[in-house]
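Please look through the structure shown here and follow the paragraphs below alongside it, finding each residue as it is named.

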Amino acid sequence: MGPGPSDVDPRVLEAMARPTIGHLDPLFVDMMDELKGMLQYAFRTRNALTLPISAPGSAGMETAFVNLVEPGDTVIVCQNGVFGGRMKENVERCGATPVMVEDEWGKPVDPQKLEDALKAHPEARTVAFVQAETSTGAESDTRTLVEIAHRHDCLAIVDTVTALGGTPIETDAWGIDAVYSGSQKCLSCTPGLSPVSFSEAAIARIRNRKTKVQSWFLDLNLVMGYWGEGAKRAYHHTAPINALYGLHESLVLLQEEGLENAWARHRRNHEALRDGLEAMGLSFVVAPEHRLPQLNAVRVPEGVDEATVRSALLSDYSIEIGAGLGPLAGRIWRIGLMGYASNPRNVYLLLSALEAILAAQGYALPRGAAVDAARAAYASGNENLKTAANG
């Protein structure tokens, strides 16, 4: 129940145990086409260039930057946590100049700051930001930020590693040009794959580059030949067959549940967890309107040793939660409710365990109130669902 990886659905593990076949086998090629279609469903896009990169989410990020950014470019990078900083690193390694738009950790990206930066740098060609900042649990307004980027003739690169499958992403409706994610968060697959999608405008820039893409492995001009439509594919690399079996099954599960239902489940479990934590007197870093349901950044109470709490959760209850990063190190816990792990059982288990551990550390709290509050939240949510169904 940390910031990822999340628990893997047993059906995904079962799928990964199937016999390995060749990466150009007709059966595998058929599955590649199915994977593309299901990723288009998850990203809400019709982009032809939608595929899983054969490496973790960090490689998805690098794929976006090395293909869309050239030496000498100016890129506006919005940073409100750890992963905006990694975007900056990618820009610099591409030989381009990053212009930083910085916001306090735990706050969303400020659209006005982006607007001001673009006005000050009319030479900018690209804007990059994180929709769902894993280090803080803050969600930025992707639609608005992309609109601002396009008004200034920039392409928009968006990190949705923690968002995909857990909170709305509307790639086409919002006009996102390059989007990347990871398999190990709300999709509940194993780590090691990075779903990506690129718009026609992004593809045009890739094909019209003045310089070669600096990475051979991540050069989409080459990868497109392997992940193109139909059976005629050019060999590029030996795809991770069994990992892709797992991703395929995780996307089947997402379709069976329904994307909107998955979003609603993450929201419902977050609200129960929130009410339980607040009943213990705990508070969140992120304001309610910007809070990710799948990643909860919770302030450590005064006088409580945060590392001891995490250690006790792991050793005594087999629950893993995350620590704070950067300026939030030692000050917060990061509690994940992602994918298969986002369920009422985990919410109740964590609240009970946390209550017992905090009480043992001398933190004053009303015993039993957390679980009661969560139970009431679920009951209220169920009533709302019934009302909606009957209305």
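In this predicted model, R44 counts as partly exposed because its relative accessibility is 26%, a value that falls between the limits of 20% for buried and 50% for exposed. R44 can be found in the loop that runs between helix α2 (26-43) and strand β1 (49-53), and its phi is near 55°, which is a positive value in a residue other than glycine. Most residues other than glycine have a negative phi, and most peptide bonds are trans.

A second residue to look at in this respect is S318, whose phi is near 55° and therefore positive, although S318 is not a glycine either. S318 is placed in the loop between helix α12 (306-317) and strand β11 (322-323), and it counts as exposed, because its relative accessibility is 68%.

The peptide bonds also hold a point of interest, since G4 and P5 are joined by a cis peptide bond, with omega at about 5°. P5 belongs to the segment that comes before helix α1 (10-16).

From there one can turn to K185, since G4 is among the residues in contact with it. UniProt, in an unreviewed entry, places the feature "modified residue: N6-(pyridoxal phosphate)lysine" at K185. In the model, K185 is found in the loop between strand β8 (178-180) and strand β9 (194-198), and with 8% relative accessibility K185 counts as buried, because the limit for that word is under 20%. What does K185 touch, leaving aside its neighbours within four places in sequence? The residues in contact with K185 are P3, G4, S6, T134, V161, T162, M338 and G339.

The last part of this walk concerns a pair of helices. Two packed helices are described by the angle between their axes and the distance between the axes. Helix α5 (residues 111-120) packs with helix α6 (residues 142-151) at an angle of about 10°, and their axes are 10 Å apart. Because angles under 35 degrees count as roughly parallel, α5 and α6 are described as roughly parallel to each other, and their crossing is right-handed. On the side of α5, the residues that meet the other helix are P111, L114, E115 and L118, while α6 contributes T144, L145, I148, A149 and R151. Sorted by class, this contact of α5 with α6 has 6 nonpolar, 1 polar and 2 charged residues.

How values were computed:
Residues numbered from 1 in each chain as written. Predicted model: local features only at pLDDT ≥ 70, side-chain atom pairs only at ≥ 80, totals over all residues. Heavy atoms only, no water. Axes fitted to C-alpha atoms, helices over the stretch in contact; angles between N-to-C directions. Helix = DSSP H or I, 4+ residues; strand = E, 2+ residues; numbered from the N terminus. Parallel < 35°, antiparallel > 145°, perpendicular 65-115°, else oblique. Left-handed = near helix turned anticlockwise from the far one by under 90°. Contact = heavy atoms within 4.5 Å. Nonpolar A, V, L, I, M, F, W, Y, C, P; charged D, E, K, R; others polar. UniProt positions renumbered as here; feature names shortened; annotations may be inferred. Buried < 20%, exposed > 50% of the residue type's maximum accessible area, 1.4 Å probe, protein only.
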